[in-house]
Protein chains: 2
Amino acid sequence: MSRKLYLEDLHVGRRLHSKRVTISAEDIIRFARDNDPQYFHLDEAAAKDSMFGGLVASGWQTGALSIRLLIDSADPPFAGGIVGVEAHIGWKLPVRPGDSLRVEAELTRIVLPRRHADRGFVSMDIATYNQRDEVVLTQRVTVVVFRDPARAGVAEGSLSAD
Amino acid sequence: MSRKLYLEDLHVGRRLHSKRVTISAEDIIRFARDNDPQYFHLDEAAAKDSMFGGLVASGWQTGALSIRLLIDSADPPFAGGIVGVEAHIGWKLPVRPGDSLRVEAELTRIVLPRRHADRGFVSMDIATYNQRDEVVLTQRVTVVVFRDPARAGVAEGSLSAD
């Protein structure tokens, strides 16, 4: 029994809530070293003189972490994973060492493409909150979600629209 | 002499071109382990059964790598670094092990906020190309760029508009 979340299980208005995760200075620095080696992501002392007044996480790290929280919040997990098609991201507030993040998401649109009968494009509005319930990041993402092969025959007629 | 790139050095229409960088399976897997642990980013064999037919890089990795290429392409470097405010990202094609990426960017807009006399918001259209000159990623980003304190007095009048 490894049930998965398929397109047929989703509907516009469905909401997802994640658990919290705390980001450490070590997490921030490790990500930055490989992916975004700017001094305000790398060096606590030097970052004091930056526009942030201290060490902050790379926006790529907080974006990836938010989607990871979202994926982990889906129970059962999305069949086939989460594959982004496009995203509009707003970085609203800095994320600092010790901040504890969680996400809330709402499904806003499901589009069934004519050319791919096995999948749909699902749009979501995602907000990432810190421990003070301030929004640090917003994302409007469109991801690919697959249809359940076991249910494909039944739903074919009603799901073939654009 | 460590000259830096300030807002006063930029103009709409300015173009930036990066060098190329090749991404390896190890790079892809290392990023995914920490940040996006989905099987098609982690396991070459398992990824064969995914929608991609093989291992592909996380979209967060290609996004971060593209901005890093852009930052490195600026000579002199941006004063104060590159801090994203918002981004619209389109993931157009998978990035696979051995792919060699480069970016081209064009400045499309410079906005001078009334509330912060020391900075501007610079928008750029960025395209990331693979070794076949296919666009794998597009980004329309808005970043913060600082004004040169040494030149602030002179330009104050002409740059204070919104």
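1. Contact range in chain A. In this predicted model, residues 24 or more positions apart account for 70% of the contacts in chain A with a separation of 6 or more. Chain A has 162 residues, and buried residues make up 51% of them. Its C-alpha trace spans about 60 × 30 × 25 Å along the principal axes.

2. Element order. Chain A has five helices and six strands. Read from the N terminus, the order is β-β-α-α-α-α-β-β-β-β-α. The points below refer to helices α3 and α4 and to the loops that follow α4 and β5.

3. Symmetry of the two chains. Chain A superposes on chain B by a rotation of 180 degrees, with 0.0 Å of shift along the axis and an RMSD of 0.0 Å. That is the relation of a two-fold axis. The contact surface follows suit: 100% of the contact residues of chain A recur in chain B, so the same surface serves both copies. Which residue of chain A comes closest to the rotation axis? A:His88 does, with its C-alpha at 2.1 Å.

4. Helix pair across the chains. Helix α4 of chain A and helix α4 of chain B each cover residues 59-73. Their axes come within 10 Å and cross at roughly 175 degrees. An angle over 145 degrees counts as roughly antiparallel, and α4(A) and α4(B) are therefore roughly antiparallel to each other. On the α4(A) side, the contact is made by A:Trp60, A:Gly63, A:Ala64 and A:Ile67. On the α4(B) side, B:Trp60, B:Gly63, B:Ala64 and B:Ile67 make it. What is the make-up of this contact by class? Six residues are nonpolar, two are polar and none is charged. The two polar ones are the glycines, because Gly is classed as polar here.

5. A serine in α4. A:Ser73 is also found in helix α4 of chain A. Is A:Ser73 buried or exposed? Its relative accessible area is 18%; buried means under 20%, so A:Ser73 is buried. Not counting residues up to four places away in sequence, A:Ser73 touches A:Leu16, A:His17 and A:Ser18.

6. Nonpolar core. The largest nonpolar core has 76 residues. Which residues have the most contacts inside it? They are A:Met124 and B:Met124. Neighbours within four places in sequence aside, A:Met124 is in contact with A:Leu70, A:Ile82, A:Leu107, A:Val141 and A:Val143. A:Met124 also contacts A:Glu106, A:Thr108, A:Gln139 and A:Arg140. A:Leu70 belongs to the stretch 59-73 of helix α4, so the contact list of A:Met124 includes a residue of that helix.

7. A buried alanine in chain B. B:Ala47 lies in helix α3 (residues 44-47) of chain B. With 0% relative accessibility, B:Ala47 counts as buried. Beyond its neighbours within four places in sequence, B:Ala47 is in contact with B:Tyr39, B:Phe40, B:Gly53, B:Gly54 and B:Leu55. For a distance check, take B:Ala47 and B:Tyr129: they are 82 residues apart in sequence and 23 Å apart in space, C-alpha to C-alpha.

8. Cis peptide bonds. Most peptide bonds are trans. Where does chain A have a cis bond before a proline? The bond from A:Asp75 to A:Pro76 is cis, with omega near 5 degrees. A:Pro76 lies in the loop between α4 and β3 (83-91) of chain A. In chain B, a cis peptide bond joins B:Asp75 and B:Pro76, with omega about 5 degrees. B:Pro76 is found in the loop between α4 and β3 (83-91) of chain B.

9. Positive phi. Most residues other than glycine have a negative phi. A:Asp133 is not a glycine, yet its phi is positive, about 60 degrees. A:Asp133 sits in the loop between β5 (119-129) and β6 (135-146) of chain A. Its relative accessibility is 47%, so A:Asp133 counts as partly exposed. B:Asp133 likewise has a positive phi of about 60 degrees. The place of B:Asp133 is the loop between β5 (119-129) and β6 (135-146) of chain B. At 46% relative accessibility, B:Asp133 counts as partly exposed.

Terms used
Residues numbered from 1 in each chain as written. Chains lettered and ligands numbered in written order. Predicted model: local features only at pLDDT ≥ 70, side-chain atom pairs only at ≥ 80, totals over all residues. Heavy atoms only, no water. Axes fitted to C-alpha atoms, helices over the stretch in contact; angles between N-to-C directions. Helix = DSSP H or I, 4+ residues; strand = E, 2+ residues; numbered from the N terminus. Parallel < 35°, antiparallel > 145°, perpendicular 65-115°, else oblique. Contact = heavy atoms within 4.5 Å. Buried < 20%, exposed > 50% of the residue type's maximum accessible area, 1.4 Å probe, protein only. Least-squares fit on C-alpha atoms with pLDDT ≥ 70 in both. Core = buried A, V, L, I, M, F, W, Y, C linked by side-chain atoms within 4.5 Å.
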